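Colleague: Before I use this structure, I would like to go through its cysteines and its main pocket. Please give the reason behind each label.

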Amino acid sequence: MRNLSVVTEFILLGIPHTEGLETMLLVLFLSFYIFTLMGNLLILLAIVSSTRLHKPMYFFLGKLSIFDIFFPSGIVRAISYAGCASQLFFYHFLGCTECFLYTVMAYDRFVAICHPLHYTLIMSHRACIILAMGTSFFACIQATFLTILTFQLPYCGPNEVDYYFCDIPVMLKLACADTSALEMVGFISVGLMPLSCFLLIFTSYSCIICSILQIHSAEGRRRAFSTCNAHLTAILLSFMPVVLIYLQPTPNPWLNATVQILNNLVTPMLNPLIYSLRNKEVKYSLRKVLQPVAFLPGR
């Protein structure tokens, strides 16, 4: 990466318009972070320890839990120039990987409901590994492109980032060059990836809904819909922040910070609840994991 900048570090000013609320926000965000770690670690432990969950859907859910752990972890740093670049890279790498994972999970539900007799053949162990590696590979390409696009610009001051982590919109404001062309390229790049994923997910669920409506029994339709509810909820929580932040015509720092907090802290915390509360297999496995801990004081 070409470094034309005389800036050696960036000062993160934090969340806009929150002066005097630092202690309250620290307690609040630390609580979110602890619940995120605990929830996703429990999901991972349940998936690894229970043979009932050794299925493609839970394999991808396990990878999603891993990235949900790292996602909020990647934005809490003291920042140098190189640290700011790496922070932006990992933020978009983790975000893109999760976006691709949601798409793969939609495909998994499509195969399970629309082609149940061929499910084990299509979603084989080899196919799951290839899909899981592919999500990270293409996310790495996307994140590398966006990082190079942002940090090939000259940064000669000021170095105060009016935000709580390094992201493309706030970094372009500090560049000592015309960024209009790069803003357009970044806008297309950032918008094209989630739009493509959304269209693939929409196609998968259109086919799923058509197949479910052909089921004659009401109980069969209810059970089929219940396997998709959690995934659809998680998709809405993940994609809406991207639309609000990167595709808005006029950036609003306060709105962006609020939405980013939802995306970075609240959504990773809610994902374990979303996928466990309406899933009997996950709840059963979690009970088995927590049962020894619950009876530990009585021994």
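Modeller: A search of the whole structure, which is a predicted model, finds 2 disulfides.

Colleague: What makes Cys84 and Cys166 a disulfide?

Modeller: Their sulfur atoms are 1.9 Å apart, and the cut-off is within 2.5 Å, so the pair counts as a disulfide. Cys84 sits in helix 3 and Cys166 in the loop between strand 2 (160-161) and helix 6 (168-172), so the link ties together parts 82 residues apart in sequence. The angle about the S-S bond is -120 degrees, and the link is left-handed.

Colleague: Why is Cys84 called buried?

Modeller: Buried means under 20% relative accessible area. Cys84 has 0%, so the word applies. Cys166 is likewise at 0% and therefore counts as buried.

Colleague: How do you know that Cys156 and Cys176 form a disulfide?

Modeller: By the distance again: their sulfur atoms lie 2.0 Å apart, and a pair within 2.5 Å is a disulfide. This pair links distant parts of the chain, with Cys156 in the loop between helix 5 (125-151) and strand 2, and Cys176 in the loop between helix 6 and helix 7 (180-213), 20 residues apart. The link is left-handed, with -130 degrees about the S-S bond.

Colleague: Are Cys156 and Cys176 buried, exposed or in between?

Modeller: Partly exposed covers the range between under 20% and over 50%. Cys156 is at 48%, so it is partly exposed. Cys176 is at 31%, so it is partly exposed.

Colleague: What is the disulfide pattern?

Modeller: Counting bonded cysteines along the chain, the pattern is 1-3, 2-4.

Colleague: Why is Cys96 in no disulfide?

Modeller: The nearest cysteine sulfur, that of Cys99, is 6.9 Å away, and a disulfide needs a pair within 2.5 Å, so Cys96 does not qualify. Cys96 has 3% relative accessibility and so counts as buried.

Colleague: And why is Cys99 in no disulfide?

Modeller: For Cys99 the nearest cysteine sulfur is that of Cys197, 3.5 Å away; the cut-off is within 2.5 Å, so Cys99 is left out too. At 6% relative accessibility, Cys99 is therefore buried.

Colleague: What lines the largest pocket?

Modeller: The largest pocket has a volume of about 870 Å³ and is lined by 24 residues, with Arg223, Ser226, Thr227, Asn279 and Glu281 nearest its centre. Helix 8 gives the most to this lining, 9 residues. By class, the lining has 10 nonpolar, 5 polar and 9 charged residues.

How values were computed. Residues are numbered from 1 along each chain as its sequence is written. This is a predicted model: local features need pLDDT of at least 70, side-chain atom pairs count only at pLDDT 80 or more; totals for chains, interfaces and linings use all residues. Side-chain values use heavy atoms; hydrogens and water are left out. On a 1 Å grid over the protein atoms alone, a cavity is a set of points where a 1.4 Å probe fits but cannot get out, and a pocket is an open set with protein on both sides within 12 Å along at least five of seven lines; lining residues have an atom within 4 Å of a point. Grid points are joined across faces, edges and corners, and a volume is the space filled by probe spheres set on the points. Helices (H or I, at least four residues) and strands (E, at least two) are DSSP runs, numbered from the N terminus. Ala, Val, Leu, Ile, Met, Phe, Trp, Tyr, Cys and Pro count as nonpolar, Asp, Glu, Lys and Arg as charged, and the others, Gly among them, as polar. Buried means under 20% relative accessible area, exposed over 50%, partly exposed in between (1.4 Å probe, protein chains only).
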